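The following exercises concern the predicted model shown below. Each task is followed by a solution worked out in steps.

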Amino acid sequence: MAPVVVDKPQQLRRLLPLIALALVLPACLASGGGEPAKFQIPRDGSVVELDEGNFEAAVAAVDYLFVDFHAPWCGHCKRLAPQLDEAAPVLAALSTPIVVAKVNAEKYKKLGSKYGVDGFPTLLLFDHGVPTEYTGSRKAGLLIESLKKLVAPAVSVLESDSAIKSFVQEAGSDFPLFIGFGVDESSIAEYAARYKKKAWFSTAKDFSEDLMSVYDFDKIPALVSLNIKYNEQSVFYGPFEGTFLDDFIRQSLLPKTLPINAETLKMLKDDDRKVVLTVLEDESDETSMQLIKVLRSAANANHDLVFGYVGVKQWEEFTKPFHDSKSSQLPNMVVWDKDEEYEVVEGSESLQEGDHGSQISRFLEGYRAGKTIKKRVGGRSPTLLGVNPLYILLFLVAVLVALMFFSGQGGEDRQPTRAHQE
């Protein structure tokens with residue numbers, strides 16, 4: 001019998017489809033028979049580039065996804081990018097990790113349109129797939145603290161001294177803290193949800209007398225307010241219903257004496273109180289720091305007002321409407337409505353050297369008695385040669401009326417002459 005001659009190249013060509021199938025089949029099985037591959041969370045905590053092909057997979061795979069919808073030409077986006085690069089690894093390393101991603105919404109317009117992106121940058125935090133717009137600080141440090149707070153429970157339940165200390169340490173100093181010692185969680189749950197973006201809330205179930213001494217309260221229930229950044233602390237003993245609790249929490253969101261700057265002005269937006277504004281030459285010098293302590297004492301007795309201060313050296317542009325650099329003496333005080341109007345108390349326009357406590361008391365007494373002069377923040381801006389623009393307008397109208405009148409009179413005088421000539 002003649003030996004069978006095998007054409008090896010031809011046999012190999014027949015096996016190629018089987019080899020390809022063997023290579024592809026495991027991958028198909030692993031991906032669920034044609035489903036898109038799972039999103040891979042970067043181990044190094046870097047910012048992830050997302051597009052229309054992998055965005056939904058990322059949202060489904062990550063509990064907390066922070067997305068920057070940007071455009072290549074946007075200047076704000078360019079300034080934000082290094083802040084996100086700095087924050088991303090820190091956020092990824094949290095006990096509750098947050099993955100930072102970005103989408104070129106100019107290129108992937110359908111994706112931007114789906115999530116209501118109408119300006120750049122638009123920042124969205126996806127909490128288990130549910131997007132919420134982030135409008136807080138874009139500086140890396142505050143961005144980290146803000147996002148940490150947003151993904152934390154509305155109310156943290158603390159079971160021991162060590163848990164309380166850890167909570168305070170992890171919360172940091174950028175936002176006020178509320179610790180309810182012996183306070184039922186349900187009493188503060190509503191406020192914790194309402195002010196989740198502004199403060200940390202917790203209830204302490206078990207704690208020692210040593211900790212009561214640390215936080216300076218001697219009975220329970222007690223709600224302790226801490227503003228570590230400004231070294232301030234307050235205690236509220238109740239009642240834990242009605243306007244009393246609401247007022248305490250709302251007023252404790254701000255420090256008793258607030259330095260006025262771009263960030264703190266945002267904090268004032270949701271507070272309905274007027275601002276006792278003190279304009280200083282330099283808020284960092286020793287004299288000003290002593291005055292700020294006196295202002296803090298006044299704030300303790302006047303919770304219906306916010307006490308703010310600002311130095312000309314620190315923010316000259318902001319201070320200009322509130323004092324005349326040529327004639328007014330610093331420090332001076334006004335009551336500002338946080339918009340276009342402020343009030344000057346007659347006889348207390350500025351603080352003299354001496355007993356600042358008594359002078360501030362007289363200022364507040366005069367304000368409450370209505371001994372004030374109302375002014376507008378932009379009052380001096382639209383003037384011409386120091387004259388109020390309203391007077392200029394009235395003068396021009398009067399001149400126009402006079403011209404029309406005499407023009408009419410001249411016409412009447414000439415008419416008979418023309419008739420007589422005819």
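**Exercise 1. Determine in which strand Thr203 is found, whether Thr203 is buried or exposed, and which residues are in contact with Thr203.**

Solution.
- Step 1. In this predicted model, Thr203 belongs to strand E8, which comprises residues 200-204.
- Step 2. The relative accessibility of Thr203 is 0%. Buried means under 20%, so Thr203 counts as buried.
- Step 3. With neighbours within four places in sequence left aside, the contacts of Thr203 are Val155, Ser156, Val157, Leu158, Gly180, Val183, Asp184, Glu185 and Ile188.

**Exercise 2. Locate Leu125, and state how far apart Leu125 and Val67 are in sequence and in space.**

Solution.
- Step 1. Strand E4 (residues 122-127) contains Leu125.
- Step 2. Leu125 has a relative accessible area of 7% and is therefore buried.
- Step 3. Between Leu125 and Val67 the separation is 58 residues in sequence, and their C-alpha atoms are 6.4 Å apart in space.
- Step 4. Beyond its neighbours within four places in sequence, Leu125 is in contact with Leu65, Phe66, Ile98, Val130, Pro131, Thr132, Leu147, Leu150 and Val151.

**Exercise 3. Describe helix H5: its span, its buried residues and what covers them.**

Solution.
- Step 1. H5 has twelve residues, and the distance from its first C-alpha to its last is 17 Å, close to the 16 Å expected at 1.5 Å a residue.
- Step 2. Ten of the twelve residues are buried, and H5 is thus mostly covered.
- Step 3. The buried residues are Ala140, Leu143, Ile144, Glu145, Ser146, Leu147, Lys148, Lys149, Leu150 and Val151.
- Step 4. The cover over these buried residues includes strand E2 (64-70), helix H3 (75-92), E4, helix H6 (161-171) and E8. Strand E4 is the place of Leu125, and E8 that of Thr203.

**Exercise 4. Characterise helix H13, and explain where its buried residues lie around the helix axis.**

Solution.
- Step 1. H13 spans residues 356-368; these 13 residues reach 18 Å from first C-alpha to last, close to the 18 Å expected at 1.5 Å a residue.
- Step 2. His356, Gln359, Ile360, Phe363, Leu364, Gly366 and Tyr367 are the buried residues of H13.
- Step 3. Viewed down the axis of H13, these buried residues fall within an arc of 160 degrees, so they line one face of the helix.
- Step 4. An α-helix has 3.6 residues a turn, so residues three or four places apart point the same way.
- Step 5. Among the elements covering the buried residues of H13 are strand E12 (274-280), helix H11 (286-301), strand E13 (305-311), strand E14 (332-336), strand E15 (341-345) and strand E16 (372-376).

**Exercise 5. Set out the surroundings of Val306 and of Glu232.**

Solution.
- Step 1. Val306 lies in strand E13 and counts as buried at 3% relative accessibility.
- Step 2. Val306 and Val275 are 31 residues apart in sequence, whereas in space they are 4.6 Å apart, C-alpha to C-alpha.
- Step 3. Not counting residues up to four places away in sequence, Val306 touches Leu254, Leu268, Asp271, Arg273, Lys274, Val275 and Val276.
- Step 4. Glu232 is in strand E10 (residues 232-236) and, at 10% relative accessibility, counts as buried.
- Step 5. Not counting residues up to four places away in sequence, Glu232 touches Ser225, Leu226, Asn227, Pro255, Lys256, Thr257 and Arg296.

**Exercise 6. Describe the largest pocket and the largest cavity by volume and lining.**

Solution.
- Step 1. The largest pocket holds about 930 Å³ of space.
- Step 2. Its lining consists of 34 residues, with Phe175, Lys197, Lys198, Lys266 and Met267 nearest the centre.
- Step 3. Helix H5 (140-151), helix H7 (185-194) and helix H10 (262-268) are the elements that give two or more residues to this lining.
- Step 4. By class, the pocket lining divides into twelve nonpolar, eight polar and 14 charged residues.
- Step 5. One cavity of 30 Å³ or more is counted, and the largest cavity has a volume of about 40 Å³.
- Step 6. Lys149, Ala152, Pro153, Ala154, Lys196, Ala199, Trp200 and Phe201 line the largest cavity; by class they are six nonpolar, no polar and two charged.

Methods: Residues numbered from 1 in each chain as written. Predicted model: local features only at pLDDT ≥ 70, side-chain atom pairs only at ≥ 80, totals over all residues. Heavy atoms only, no water. 1 Å grid on protein atoms, 1.4 Å probe; cavity = no way out; pocket = protein on both sides within 12 Å on 5 of 7 lines; lining within 4 Å. Points joined across faces, edges and corners; volume = space filled by probe spheres on them. Nonpolar A, V, L, I, M, F, W, Y, C, P; charged D, E, K, R; others polar. Helix = DSSP H or I, 4+ residues; strand = E, 2+ residues; numbered from the N terminus. Expected span 1.5 Å × (residues − 1). Buried < 20%, exposed > 50% of the residue type's maximum accessible area, 1.4 Å probe, protein only. Arc of directions from axis to C-beta. Contact = heavy atoms within 4.5 Å.
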